[in-house]
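Q: I would like to learn how to read pockets and surface patches. Could you walk me through a case?

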Amino acid sequence: MDDKGCVLIACWGMPNMSYLDNAHRALAAAAQIRSQFQRFHMETSVGITCADVYCGTVGSMARMEYAAIGSEVNMAARLMGKAKGRLLVSQSVYSRLSTADQDSLQAIPALTVK
């Protein structure tokens, strides 16, 4: 829990767990999560990006955790912040989706993020 509420970071394409349709899997999971939250009249904002990032343990023996770190992780957070109850995907995700998935999305004007 942080100043944005409850935040979940999920990753697809982890080492030895990657698929050609990672973008579709991420979009489908986000849509299912949003659907479940909507049943309880809870708003969700989602940002999905696609790129290589560092995934591994960070910290010390006293406090260590597995993390995804990189500018694209930050971009996903920025998209989530701009989503305001929507699900936003980056152009890199959109270009990796099937035509059927692309057709299920609605285009919005370009966003400027920090």
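Q: Which helices and strands each supply at least two residues of the lining of the largest pocket?

A: Happy to help, and keep in mind that this is a predicted model. To read a lining, look for the elements that contribute to it. Here helix 1 (22–39) and helix 2 (71–83) each give at least two residues, as do strand 1 (46–48) and strand 3 (64–69).

Q: How much space lies in the largest pocket, and which residues are the closest to its centre?

A: The space comes to about 1,500 Å³. Among the 47 lining residues, Leu8, Ile9, Ala10, Gly47 and Ala76 are the closest to the centre. Sorted by class, the lining holds 29 nonpolar, 10 polar and 8 charged residues.

Q: What volume does the second largest pocket have?

A: Its volume is about 660 Å³. This pocket is lined by 24 residues, with Leu87, Leu88, Val89, Gln106 and Ile108 the closest to its centre. The classes divide into 16 nonpolar, 5 polar and 3 charged.

Q: Which element gives the largest share of the lining of the second largest pocket?

A: That is helix 1, with 5 residues. Helix 2, strand 4 (87–89) and helix 3 (91–94) also supply at least two residues each.

Q: Which residues make the nonpolar surface patch?

A: Leu8, Ile33, Phe37, Phe40 and Met42 form this patch of about 510 Å². Met42 sits in the loop between helix 1 and strand 1.

Q: Why can Met42 count towards a surface patch?

A: Patch residues need over 30% relative accessible area. Met42 passes that cut-off because its relative accessible area is 42%, which makes it partly exposed.

How values were computed. Residues are numbered from 1 along each chain as its sequence is written. This is a predicted model: local features need pLDDT of at least 70, side-chain atom pairs count only at pLDDT 80 or more; totals for chains, interfaces and linings use all residues. Side-chain values use heavy atoms; hydrogens and water are left out. On a 1 Å grid over the protein atoms alone, a cavity is a set of points where a 1.4 Å probe fits but cannot get out, and a pocket is an open set with protein on both sides within 12 Å along at least five of seven lines; lining residues have an atom within 4 Å of a point. Grid points are joined across faces, edges and corners, and a volume is the space filled by probe spheres set on the points. Helices (H or I, at least four residues) and strands (E, at least two) are DSSP runs, numbered from the N terminus. Ala, Val, Leu, Ile, Met, Phe, Trp, Tyr, Cys and Pro count as nonpolar, Asp, Glu, Lys and Arg as charged, and the others, Gly among them, as polar. Patches are made of residues with over 30% relative accessible area and no salt bridge: like charges are joined within 9 Å, nonpolar side chains (Val, Leu, Ile, Met, Phe, Trp, Tyr) within 5 Å. Accessible areas come from the Shrake-Rupley method with a 1.4 Å probe; for residues, only the protein chains shown count as cover. A salt bridge is a side-chain nitrogen of Lys or Arg within 4 Å of a carboxyl oxygen of Asp or Glu. Buried means under 20% relative accessible area, exposed over 50%, partly exposed in between (1.4 Å probe, protein chains only).
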